[in-house]
Amino acid sequence: MDTSQTPPVAVVTGASRGLGLELARALALDGWRLVLTARGAAELAAVEAELAAVTEVAAPAGSVVDDAHRERLAAAAAALGGARLLVNNASTLTGRDPAGAPMPALADFPLPGLLETFEVNVLAPIALTQLLLPQLRGHGGAVLNLSSDAAVEPYPGWGGYGASKAALDHATAILGAEEPALRVWALDPGDMRTRMHQEAFPGEDISDRPLPATVVPAVLTLLRDRPASGRYRAAGLLAGARA
């Protein structure tokens, strides 16, 4: 961060828990002002109260698939001076609450859930990016789209999620080519011990997975070094290599 300038503004979706929350905490400590969002109003309000003691925070709750909500996020970022960073972190596994059910095979994937998966994981990030591009261009900013190894590996049961993340990866690559003045990254964070990951493995012990906070240094490396637009793995960034 360039501390000689006005403190920068970051927009982070899915910021009430998991990697989104840990990244918001790290950005706040680094002096960023924040626009945070998530669907859970109570959880998000707790995050806002925590981080407001550190930095300036706007935290409207809502769904990223809602047109009016995305406009509220863009307006909140503009009111703070304009976004320099957009983190598209909000995701869904199946477009619904799995409630202990196994991940569906593509042959049995309910089409409404598949549509919701692509709306949340692909269309909403693109739509929010479109709204924020004028701000990001004005600040020479960056877009960070959270990907997954499921975007490149064919895991049974992960077809909907993996296909949506593969589409997001490709959209990221295209936007990077079309916006050379910006940095546009897709980041595979690797396995993490999150609620969403637990939902994918109902009843299983995932305590061996690393906590989301372990991925934050990789994101901070991207922001510090501003490597070329493209797809990166957190493990590779921490080891000093590109995916």
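This report walks through the overall make-up of a predicted model and then looks at a few of its helices and one strand residue.

**Overall picture**

The protein holds eight helices and seven strands. Of its 243 residues, buried ones make up 49%. If we take the contacts between residues at least 6 apart in sequence, 67% of them join residues at least 24 apart.

Here are the helices and the strand given with their residue ranges that we will visit below.

| Element | Residues |
|---|---|
| Helix α2 | 41-51 |
| Helix α5 | 159-178 |
| Helix α7 | 216-225 |
| Strand β7 | 230-233 |

**Helix α2 and its two sides**

Let us start with α2, where Leu-44, Val-47 and Leu-51 are buried. Looking down the axis of α2, you will find these buried residues within an arc of 60°, so they line one face of the helix. Turn to the other side of α2 and you meet Ala-42 and Ala-49, which are exposed. What do the buried residues of α2 pack against? Their partners are α1 (18-29), β2 (33-37) and β3 (57-58).

**Where α1 meets α7**

Helix α1, one of those partners of α2, also meets α7: the two axes come within 10 Å and cross at roughly 55°. That angle makes α1 oblique to α7, because it falls in neither the parallel, antiparallel nor perpendicular range. The crossing of the two helices is right-handed. On the α1 side, the contact is made by Leu-19, Glu-22, Leu-23, Ala-26 and Leu-27. Helix α7 brings Val-216, Val-219, Leu-220 and Leu-223 to the contact.

**Helix α5**

Next comes α5, a helix of 20 residues. From its first C-alpha to its last, α5 reaches 28 Å, which is close to the 28 Å expected at 1.5 Å a residue. Which residues of α5 are buried? At the start of the helix the list has Gly-159, Gly-160, Tyr-161 and Gly-162. Further along α5, Ser-164, Lys-165, Leu-168, Asp-169, Thr-172, Leu-175 and Gly-176 are buried too.

**Arg-231 in strand β7**

Our last stop is Arg-231, a residue of strand β7. Is Arg-231 buried or partly exposed? Its relative accessible area is 21%, and buried means under 20%, so Arg-231 counts as partly exposed. Arg-231 also has a counterpart from elsewhere in the sequence: Ser-147 lies 84 residues away along the chain, yet the C-alpha atoms of the two are separated by 8.6 Å.

Terms used. Residues are numbered from 1 along each chain as its sequence is written. This is a predicted model: local features need pLDDT of at least 70, side-chain atom pairs count only at pLDDT 80 or more; totals for chains, interfaces and linings use all residues. Side-chain values use heavy atoms; hydrogens and water are left out. Helices (H or I, at least four residues) and strands (E, at least two) are DSSP runs, numbered from the N terminus. The expected span of a helix is 1.5 Å times one less than its number of residues. Buried means under 20% relative accessible area, exposed over 50%, partly exposed in between (1.4 Å probe, protein chains only). The arc is that of the directions from the helix axis to the C-beta atoms. Contact means heavy atoms within 4.5 Å. Axes are lines fitted to C-alpha atoms, for helices over the stretch in contact, and angles run from 0 to 180 degrees between N-to-C directions. Angles under 35 degrees count as roughly parallel, over 145 as roughly antiparallel, 65 to 115 as roughly perpendicular and the rest as oblique. A crossing is left-handed if the near helix is turned anticlockwise from the far one by less than a right angle, and right-handed if clockwise.
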